[in-house]
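Got your viewer ready? Load the file below and keep the selection box handy.

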Amino acid sequence: MTMQQETRTPYEAIGGEEQVRALVERFYDLMELEPGYAAVRATHGTELARARQNLFWFLCGWLGGPQHYVERFGHPRLRMRHMPFAIGTRERDEWLACMDQAMADVGVGQGLRQRLNAAFFQTADWMRNTPG
C-alpha cells in the first residue's frame with residue numbers, strides 16, 4: 001500500500017459521490033427486495049425517497065467527503081433522530097447485513113468493507129432502543 005492510498009478517506013476509496021449514491025440506492029433496493037430485511041424495512045414507513053436522500057447526504061460526510069447532511073440539518077444527532085423507530089437487535093443486524101451486501105454488490109473492496117462494517121456496527125448498535 002502506498003502512502004497516498006493510506007491517506008485516502010473512505011469516501012475517496014469508495015469512488016466519491018457517484019459510488020456513495022450507488023451504494024445507497026443498492027442498499028434501499030435490497031431492503032425492498034429481500035425478505036431477510038423485512039424488519040428493518042418496516043421501520044422506514046411506506047416510501048423510501050427521503051431515507052435514500054438523507055442516507056446519501058449523511059454517508060458522504062461520514063465517509064470523509066462533502067458535509068451535505070450537516071450543511072442542511074446541522075449535527076446528525078443520529079440516536080435522537082432514530083428514537084421514534086423501534087430498533088432492536090434484529091433491525092440492527094438486518095441493517096448491517098443489507099449494507100454489507102450493498103457494499104459487495106457495488107464493488108467496495110474487502111479491506112474497506114471490513115473497516116466500514118466495524119464502524120457501521122458501532123453506530124448501528126448504539127441506535128438500538130428496544131430490548132432484544
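Here's a short walk through one helix pair and then one pocket. Bear in mind that this is a predicted model.

**Stop one: a helix pair**

Select residues 17-33, which form helix α3, together with residues 49-62, which form helix α5. Their axes sit 9 Å apart, and the packing angle is about 140°. Anything over 145 would count as roughly antiparallel, so α3 and α5 are oblique to each other. As for handedness, the α3 and α5 crossing is right-handed.

Now show side chains where the two helices touch. On the α3 side, pick Glu-17, Val-20, Arg-21, Leu-23, Val-24, Glu-25, Phe-27, Tyr-28 and Asp-29. From α5, add Ala-51, Arg-52, Gln-53, Leu-55, Phe-56, Leu-59 and Cys-60. Color that contact by class and you get 10 nonpolar, 5 charged and 1 polar residues.

**Stop two: the largest pocket**

Keep α5 on screen and turn to the largest pocket, with a volume of about 880 Å³. To find its centre, select Tyr-28, His-44, Ala-51, His-82 and Phe-85, the nearest to it among the 28 lining residues. Tyr-28 and Ala-51 were also part of the α3 and α5 contact.

Which helix gives the largest share of the lining? That's α5, with 7 residues. To see other contributors, select α6 (68-73), α7 (78-82), α8 (89-105) and α9 (110-127); each of these, like α5, brings at least two residues to the lining.

Last, color the lining by class: 16 residues are nonpolar, 7 polar and 5 charged.

Terms used
Residues numbered from 1 in each chain as written. Predicted model: local features only at pLDDT ≥ 70, side-chain atom pairs only at ≥ 80, totals over all residues. Heavy atoms only, no water. Axes fitted to C-alpha atoms, helices over the stretch in contact; angles between N-to-C directions. Helix = DSSP H or I, 4+ residues; strand = E, 2+ residues; numbered from the N terminus. Parallel < 35°, antiparallel > 145°, perpendicular 65-115°, else oblique. Left-handed = near helix turned anticlockwise from the far one by under 90°. Contact = heavy atoms within 4.5 Å. Nonpolar A, V, L, I, M, F, W, Y, C, P; charged D, E, K, R; others polar. 1 Å grid on protein atoms, 1.4 Å probe; cavity = no way out; pocket = protein on both sides within 12 Å on 5 of 7 lines; lining within 4 Å. Points joined across faces, edges and corners; volume = space filled by probe spheres on them.
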